[in-house]
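Please read the following alongside the sequence and the coordinates. The text goes through charged pairs, a pocket, the cysteines and an annotated segment.

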Amino acid sequence: MFIGEMGSWLVVLLSFIYQAYISPRFSNQSSPLLVGGYHPVAENDGIDDTVEDNAIGGDDLPNDPTKPAHAHDGRIRLHGRKIFLLAAPACCDIAGTTLMNVGLLFVAASIYQMTRGALVLFVGLFSVLFLHRKLYLYQWMALFVVVLGVALVGLAGALFGDSQNHDITREDAVAAVAHVSMQARALAKTPEAVQAIIGVLLIAAAQIFTASQFVLEEWILEHYAMNPLQVVGWEGVFGFSVTVIGSIILYLSIGRTEAGRYGYFDVKEGWHQVFSNRAITISSVLIMISIGYSHTLYLPRTC
């Protein structure tokens, strides 16, 4: 995932090469087919284009120490040591993704996807608490309905597990409600149900970190200006660095021991499985390309 995000730097590099070496060669005397069609010439045409380009890029303004380090909308340009602010949402991304993947080991994929719907609740709460947003009554009602649906899906996964014959008819509904307390007591004695509960709680906890990531990113981009692709690239750099350092520490402390061998923190075995299994290798590469491509197309339109 983080390698795919770091792929955004390739787009930034290609854009810089185009603007620095290729674009200046297309002068006003060039063919309109090469420069994108006819553009009327005015006296202040060059000045307006420069202002517009700076307004769009935001982070491409010249680093002149005599000029205020502010973008066109009043935000401070994000550079220098302040770039490390992007490490916070990257760490939240690591924690959320890790908890969701661990929770997926204990529940079915359908329950995993439905439980992720709790994200909207935490994003709404954190937006109100930390960003001072205002949610109207119908928005709170919508959040309540979503959370209720997530709770029902999680309860169904805990009650029925992987059972295929758990359809409830109208006659069975009354009996199910009457015996819900007895079913709840029986959950503590069923290993499969306990695993399902643990998985649902892990996935729900992961949404807290994911919501924190979204809120932190929104707060940073409200106060600081940077090219959206560079934001993604820096988050990829920080996330990849923390992941590599954490993996090495966990492998040396836990993964290479007898108890930790072939476990979650055995990095050596994990890399061996990635490169020795063709299906895992291909899927990993495709995931990296998909993440990098989606960020390249989507984020510049939303930031």
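Arg-133, Glu-218 and Glu-222 are joined in a network of salt bridges. The model is a predicted one, and it contains 3 salt bridges. Side chains of opposite charge can pair when their charged atoms come close.

Within the network, Glu-218 pairs with Arg-133, and their closest N and O atoms lie 2.5 Å apart. This contact links distant parts of the chain: Glu-218 belongs to helix H11 (residues 191-223), while Arg-133 sits in the loop between helix H7 (119-130) and helix H8 (137-160), 85 residues apart. Glu-222 makes the other contact with Arg-133, at 2.2 Å from N to O. Here too distant parts of the chain are linked, with Glu-222 in helix H11 and Arg-133 in the loop between H7 and H8, 89 residues apart. Arg-133 therefore has a salt-bridge partner in Glu-218 and another in Glu-222, because in each pair an Arg nitrogen lies within 4 Å of a Glu carboxyl oxygen.

How buried or exposed are the members of this network? Arg-133 has a relative accessible area of 32% and is partly exposed. Glu-218, at 31% relative accessibility, counts as partly exposed, and Glu-222 is partly exposed at 38%. These values fall between the limits of 20% and 50%, so each of the three residues is classed as partly exposed.

A further salt bridge joins Arg-261 to Glu-258, with the closest N and O atoms 3.7 Å apart. This pair is counted because its distance is within the 4 Å limit. Arg-261 is partly exposed at 38% relative accessibility, whereas Glu-258, with a relative accessible area of 65%, is exposed.

The next topic is the largest pocket. Its volume is about 1,900 Å³. The lining is made up of 38 residues, and those closest to the centre of the pocket are Asn-101, Thr-243, Ser-247, Trp-271 and Val-274. Which helices supply at least two residues of the lining? They are helix H1 (2-6), helix H5 (87-104), helix H12 (228-255), helix H13 (267-276) and helix H14 (278-302). H12 gives the largest share, 8 residues. By residue class, the lining of the largest pocket divides into 25 nonpolar, 11 polar and 2 charged residues.

Turning to the cysteines, a disulfide is a covalent bond between the sulfur atoms of two cysteines. The structure holds 0 disulfides. Cys-91 is in no disulfide, and the nearest cysteine sulfur to its own, that of Cys-92, is 7.1 Å away. Likewise, Cys-92 is in no disulfide, with the sulfur of Cys-91 as the nearest cysteine sulfur at 7.1 Å. The pair is not counted as a disulfide because the sulfur atoms would have to lie within 2.5 Å. Are these cysteines buried or exposed? Cys-91 counts as partly exposed at 36% relative accessibility, while Cys-92 is buried, with a relative accessible area of 13%. The value for Cys-92 is under the 20% limit, and therefore this residue is classed as buried.

The last segment is defined by a record. An unreviewed UniProt entry annotates residues 1-22 as "signal peptide". In the model, residues 1-22 are 91% helix and 0% strand, and the C-alpha atoms at the ends of this stretch are 32 Å apart.

Methods:
Residues numbered from 1 in each chain as written. Predicted model: local features only at pLDDT ≥ 70, side-chain atom pairs only at ≥ 80, totals over all residues. Heavy atoms only, no water. Salt bridge = Lys/Arg side-chain N within 4 Å of Asp/Glu carboxyl O. Helix = DSSP H or I, 4+ residues; strand = E, 2+ residues; numbered from the N terminus. Buried < 20%, exposed > 50% of the residue type's maximum accessible area, 1.4 Å probe, protein only. UniProt positions renumbered as here; feature names shortened; annotations may be inferred. 1 Å grid on protein atoms, 1.4 Å probe; cavity = no way out; pocket = protein on both sides within 12 Å on 5 of 7 lines; lining within 4 Å. Points joined across faces, edges and corners; volume = space filled by probe spheres on them. Nonpolar A, V, L, I, M, F, W, Y, C, P; charged D, E, K, R; others polar.
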